[in-house]
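This report describes the ligand site of a protein and then turns to selected features of its side chains and backbone. The sequence and the structure are shown first.

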Amino acid sequence: MKPIAMLDLKAEFPLIEGKVREAIDGVLASQHFVGGPQVGEFENRIAQRVGTKHAIAAGSGTDAILLALMAGGISSGDEVITSPFTFFATAGCIHRVGATPVFVDIEPDTFNIDPAQIRSAITPRTKAIIPIHLFGQCANMEAINAIAADANLLVIEDAAQALDATHKNRNAGSLGHFGCFSFYPTKNLGGFGEGGMVTTDDDASAERCRQLRNHGQTDQYHHEFIGGNFRLNTMQAAILSAKLDRLDACNTRRQEIAAQYDQMLAAIPAIRTPVIDANGTSVFHQYSILADDRDGLREHLAKASVGSGIYYPVPLHRQPCFKHMGYNEGDFPVSEATSTRILSLPVHPMLCDADVKRVAEQVQLHAASQTVAGSTGR
Ligand SMILES: Cc1ncc(COP(=O)(O)O)c(C=O)c1O
């Protein structure tokens with residue numbers, strides 16, 4: 001039986017090969033590998049797409065978050081509120097600028113930071129909130145922005161997984177002071193290597209990001225402050241621009257697949273399909289279900305040659321590197337419970353309807369076997 005993988009970049013490549021090779025040839029012909037018009041063009045296209053005045057290309061999504069934190073003046077002694085159920089980069093970057101990540105639990109439905117719990121985490125040291133738009137769906141930015149405005153906090157959107165997602169008809173990355181995107185190869189818009197982007201409407205912040213990504217250089221070899229090498233290379237910018245034309249179609253296909261899964265999995269009591277907030281749209285970077293017998297289901301799928309993923313098995317407050325912060329098991333019960341039940345199913349745009357049906361049928365089959373055994377765990 002043909003394996004169904006979580007991602008199939010090889011299947012997609014023939015569809016983009018011509019444009020990508022042309023883009024690479026252009027860079028090779030110019031022999032210009034850092035900066036250049038390709039980076040500017042890609043930045044302009046992302047700014048336009050997101051709906052911000054500026055987009056500043058960065059070497060990765062992690063670099064984009066670092067840049068936003070540095071440009072936002074976050075440093076030693078500051079606290080930054082974020083959620084623990086996510087990829088490591090967000091909290092890692094907060095720590096790297098010398099600040100302390102302060103975790104707030106997630107909403108059980110969307111897996112995004114729970115705005116109702118943010119206010120009680122604010123202290124005189126709090127400088128910013130980083131909501132993460134997990135799995136392709138925006139956090140409740142309206143509520144978060146209201147809290148931030150009251151407490152005079154910066155809002156940095158971790159939109160690494162959410163290019164083109166919307167909240168109240170506005171795009172991820174245009175909802176806070178900064179938006180941070182990743183173009184890691186597995187992302188909905190993935191490069192042929194690392195890549196990232198910061199978006200902002202603020203002229204001074206954009207200028208600061210541009211300087212910081214180039215070692216804080218204001219004039220050549222003149223450094224007013226310390227930044228780093230956070231630049232996106234020319235080849236990646238050219239490739240990402242070439243791939244951008246297909247992004248709408250790819251996101252639409254992801255949404256279609258999600259709708260098919262929703263329909264086929266809705267009636268299974270031991271499964272909860274993704275909940276999408278009526279105030280927004282998801283680009284389904286992941287299609288993540290909650291399953292009572294998550295590990296058994298994952299094993300069952302693997303035997304049927306169906307890939308799946310656990311994003312994320314260990315919430316950040318339980319990571320050994322953050323042990324010194326003194327968090328304990330039980331501190332963020334929703335994140336902890338979610339990490340034991342979450343399972344992402346293949347949702348990449350190269351899946352055909354028959355693939356989707358096969359995945360869903362395998363999930364159904366496993367659920368039926370559990371019901372027969374009387375052990376759905378409910
Ligand atoms: C939520 C989130 N934040 C940040 C990042 C970091 O992006 P990158 O891997 O491009 O550094 C990622 C992606 O990997 C992510 O999923």
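Which helix provides the largest share of the shell around the ligand? In this predicted model, that share belongs to helix α3 (residues 61-71), which supplies three residues.

**Ligand site**

The ligand is surrounded by 14 residues, and those that come nearest are Gly61, Thr62, Asp158, Ser182 and Lys187. By residue class, the shell is made up of seven polar, five nonpolar and two charged residues. The space that the ligand takes is the largest pocket.

Oxygen atoms of the ligand lie at short range from N or O atoms of the protein, as the table sets out for Gly61, Thr62 and Gln161.

| Residue | Protein atom | Ligand atom | Distance |
|---|---|---|---|
| Gly61 | backbone N or O | oxygen | 2.8 Å |
| Thr62 | side-chain N or O | oxygen | 2.5 Å |
| Gln161 | side-chain N or O | oxygen | 2.8 Å |

The protein buries 93% of the 380 Å² that the ligand exposes when taken alone. Gly61 thus appears in the table through its backbone, whereas Thr62 takes part through its side chain, as does Gln161.

**Salt bridges**

With a limit of 4 Å between a side-chain nitrogen of Lys or Arg and a carboxyl oxygen of Asp or Glu, the count of salt bridges comes to 22. One of them joins the side chains of Arg45 and Glu41, with an N to O distance of 3.9 Å. Both residues belong to helix α2 (residues 37-50), and because they are four residues apart there, about one helical turn separates Arg45 from Glu41.

**Backbone features in loops**

Two further sites concern backbone geometry. The peptide bond that runs from Tyr311 to Tyr312 is cis, and its omega is near 15°. Tyr312 is placed in the loop between α9 (294-303) and α10 (333-341).

What sign does phi have at His215? The phi of His215 is positive, at about 60°, although this residue is not a glycine. His215 is located in the loop that lies between α6 (203-212) and β10 (217-219).

How values were computed: Residues are numbered from 1 along each chain as its sequence is written. This is a predicted model: local features need pLDDT of at least 70, side-chain atom pairs count only at pLDDT 80 or more; totals for chains, interfaces and linings use all residues. Side-chain values use heavy atoms; hydrogens and water are left out. A residue is near a molecule or strand if one of its heavy atoms lies within 4 Å of it. A polar contact is a pair of N or O atoms within 3.5 Å; within protein, one must be able to donate a hydrogen and the other to accept it, and residues adjacent in sequence count only if both atoms are side-chain atoms. Accessible areas come from the Shrake-Rupley method with a 1.4 Å probe; for residues, only the protein chains shown count as cover. On a 1 Å grid over the protein atoms alone, a cavity is a set of points where a 1.4 Å probe fits but cannot get out, and a pocket is an open set with protein on both sides within 12 Å along at least five of seven lines; lining residues have an atom within 4 Å of a point. A molecule sits in a cavity or pocket if more than half of its atoms lie within 2 Å of its grid points. Helices (H or I, at least four residues) and strands (E, at least two) are DSSP runs, numbered from the N terminus. Ala, Val, Leu, Ile, Met, Phe, Trp, Tyr, Cys and Pro count as nonpolar, Asp, Glu, Lys and Arg as charged, and the others, Gly among them, as polar.
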